[in-house]
Structure formats: structure tokens, C-alpha cells
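Biologist: Please take a close look at one part of this model and explain, residue by residue, how it is held to its surroundings.

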Amino acid sequence: MAPTAPAPSWRRESDGRITLSGSWNLLVDKQRRRRLLRDFRRLGTPQDYRWDLRQVDSLDSTGALVLWIAWQGRLPEQLDCHENQRHLFDRIAESSPLRAPRGRPSSWLVRLGAGVVSVVEVAAGILLLLGQLMVDAAYCVSHPRVIPLQEISANVYRIGATSMLLLGCIGPLIGAVMTIQVGLMLQTFGASSMVIGMMSTAVPRELGPVVVGLLMAGRTGSAITASIGAMHITEEYDALRAFGASPSLRLALPRVVGAAISMLLLVIWTDITTLIGSALGAPAILGIDYRLFLAQAVQQIQIVNFWIGLGKGLLFGIVIALVGCYFGMTSSPDTEGLSRNTTLSVVTSITLVLLIDASLGAALTNVGLF
């Protein structure tokens, strides 16, 4: 059985020297390290003492970091140690993330400014990616052989076809709930039949594209970020650039085009399923026959609302794919950075979908398209 390493310890000599002994390494448990740091803080100013590390059995970066924190981020003026121990402290001094924090924590104004700068950087990065994709699209028009048709069709399938079942289940439920809730309110005024006109206006113009946009922001946006971000971890992204291929052309453009096409089709699919759900929910509460509901709903749908809904779906698809590609392409090559960027991608996409919808609603209302 291997002998147990001696525990780290220290003592204060009569001449004021601090002598360390034992094993100062990774095997030291967290509670003991905290207790050592607490004891060192009682010394007051550690730079006033002479530190002797020559009796230490073993010292690695973990033990050296404990002493570095106790010394308040700089070597004491009087230090007796071996040459290899001094090299450890020199490496810690050169590594800025390991230095002990100094000064007071940043104020709320500094944190607010850092947040604003971060938002501006993200917005600028997304706009730069959009500009690069426009250049790539122009290049594809002039050189049709480089158009990534297979990647675009694959993304249409992954984004659009695989989402039809999900939206085919959610659409009827939303339509039925909206019809029942709105119909019961109108029933108190004796105008329950007006629910048909309200649903035929709200579904293609607002409800369909917004529902698809929010669901796709969580489903597609996170998938795009994760798929591109994982390429940083496996070094596929660097290999792609090493071969001289454009990451925006090979990775971002197919996903943006595929998302735009898929969103157009999914908005139409969601409009149909939501109106079917509305028709099936109307007889139970309002006593309106579902065949009459569907016939009148189709007649009352205005073509301008239908095209507005399709335009929103196209715009939402481009925005969601752009945000997902940006956070995937700027992800750090580690799992923590990938998970952080995936979360930011979903939150940013949902926020932009809601902001764009509200802005378009206000703008179209002011120009008379209501």
C-alpha cells in the first residue's frame, strides 16, 4: 500500500519566517485549502514575512495558486524556494486569468455599458454575416455550378419536413382554444358568428407566422447553432477554412435559404391546420357547424393578409437562420461556449421575432393595411 502524502502545513518561526512543509498539490481537499487561505489572511501583510518553501515535499500549480492568492497576486520580497518552484509562480504571474482580482467590483453603470457593447457587437456581427451572404448569393448567380443545391434541399427537409408533424399537432390545438375563448366572449354580446371573421383574419396574418416563428426559433435556431458550433470542437470548421472553402457559402447560405423556403411552406401548413382546429372546436361550444365554419372562413380570408403572413414567415426564417449561424460560427471550441451560444441563439431569435412582428404590425397599420 502506497504511503499517504503528508498534509500541507505551515508554521511561524521565532525569527518571523514562515516555513511550509507537506504536499501542496491537487490532492489537497477544498476545505483544507480554504482553511489555509483563512489562516494566511490573519497574517495581515504577507509581504512583510520571509517565506521558506524548501521543506515542501511536492508543489504543483494548484498549491502554487493557493500561495499566490495568499500573497495577493505577487511574490514576496523574501522568498526561499527551489528553482522549479519559482518557475511555477512565474507561469502563474504570466497567466492573467489566474491573478487574484483587485479593486472593487464593477459598478452597475460599467456592467450596463458592457451589456450595450455586447449587444452592438452581436448586431454588427449579424449584419456583417448578412452582407457576406449577399456577396455569396451574387457569386452563386454568376457561377451557378457552386450553388449548394444538395445542402439547401437537405436543410429544407430537416427544417421543414420534420417540423410538419409538430405544427400539425400544435396548430389545431391553438385554433380550437382561440376559437372557444374568443367565441365565448362574443357570445355574451350575441355575436358568436363573428368569430369566423376574426379567425380568418388573425390566423394568416398574425397567428400562423408568429407560432411558426417562435417554434422554429427554439427548434431550428438551436439546431443550427449546435451543428455549426460542434464543428469547432471537432476542428471541422478549421479544416474547412484550411481547404480554402468559404464557411459562409458552405455552412450559412444553405441554412438561411433552406430556412426561408421552409418557413414559407410551414406558414401555409400552419394556417390550414389552425383553421381546421378552429372549425372542429366551434361546434362544441358555439354550435357552428364545422363545414359552415370552413366555407365562410375561406371566403373571408383577404389575400393581402395571406401575403403579409407569408412575408413575415420568410423574414422570420431568414432572421432565425442568420442568428443561429452567427452564434454557431462564433462559438468557442468547448462545450461551455457551445451551450452558452445555443442559449443566446434561442433567446435572440425569439426576441427578434417578437420585435419584428410588433414593428411590422405598427408599420402596416399606419399605411392602411389593417
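Modeller: A crossing is called left-handed if the near helix is turned anticlockwise from the far one by less than a right angle, and right-handed if clockwise. This model is predicted, so local features need pLDDT of at least 70 and side-chain atom pairs pLDDT 80 or more, while totals for chains, interfaces and linings use all residues. Residues are numbered from 1 along each chain as its sequence is written, and side-chain values use heavy atoms, leaving out hydrogens and water.

The part chosen is the region around strand β4, which spans residues 56-59 (strands are DSSP runs of E with at least two residues, helices of H or I with at least four, numbered from the N terminus). V56 is found in β4. At a relative accessible area of 9%, V56 is buried (under 20%; exposed is over 50% and partly exposed in between, with a 1.4 Å probe and protein chains only). Leaving aside neighbours within four places in sequence, V56 is in contact with L20, S21, G22, W24 and Q85 (heavy atoms within 4.5 Å). Q85 is 29 residues away from V56 in sequence, yet the C-alpha atoms of the two are 9.8 Å apart in space.

The loop between β3 (50-52) and β4 holds R54. The side chain of R54 meets that of D80 in a salt bridge, 3.9 Å from N to O (a side-chain nitrogen of Lys or Arg within 4 Å of a carboxyl oxygen of Asp or Glu). Because D80 lies in strand β5 (residues 78-80), this pair ties together parts that are 26 residues apart in sequence. The two partners differ in their surroundings: D80 counts as buried at 15% relative accessibility, whereas R54 is partly exposed, at 44%. Both belong to a network of salt bridges that links R17, R50, D52, R54 and D80.

Next come the helices α2 (residues 61-70) and α3 (residues 83-94), whose axes come within 10 Å and cross at roughly 70° (axes are lines fitted to C-alpha atoms, for helices over the stretch in contact, with angles from 0 to 180 degrees between N-to-C directions). The two helices are therefore roughly perpendicular to each other (65 to 115 degrees; under 35 is roughly parallel, over 145 roughly antiparallel and the rest oblique). Their crossing is right-handed. From α2, the residues S61, A64, L65, L67 and W68 take part, meeting L88, F89, I92 and A93 in α3.

For comparison, other parts of the structure may be set beside this region. Helix α9 (residues 247-286) packs on helix α10 (residues 290-300) at an angle of about 140°, with the axes 8 Å apart. That angle makes α9 oblique to α10. The crossing of this pair is right-handed, and its contact includes L275, I276 and L280 of α9 together with Y290, F293 and L294 of α10.

Searching the whole structure gives 8 salt bridges. One of the pairs is R250 with E151, at 2.8 Å from N to O. R250 lies in α9 and E151 in helix α5 (residues 149-159), so this salt bridge ties together parts that are 99 residues apart in sequence. Here R250 is partly exposed, with a relative accessible area of 32%, and E151 is partly exposed at 26%. R11 and E13 form a further salt bridge, 2.9 Å from N to O; R11 is partly exposed at 37%, and E13 is partly exposed at 22%.
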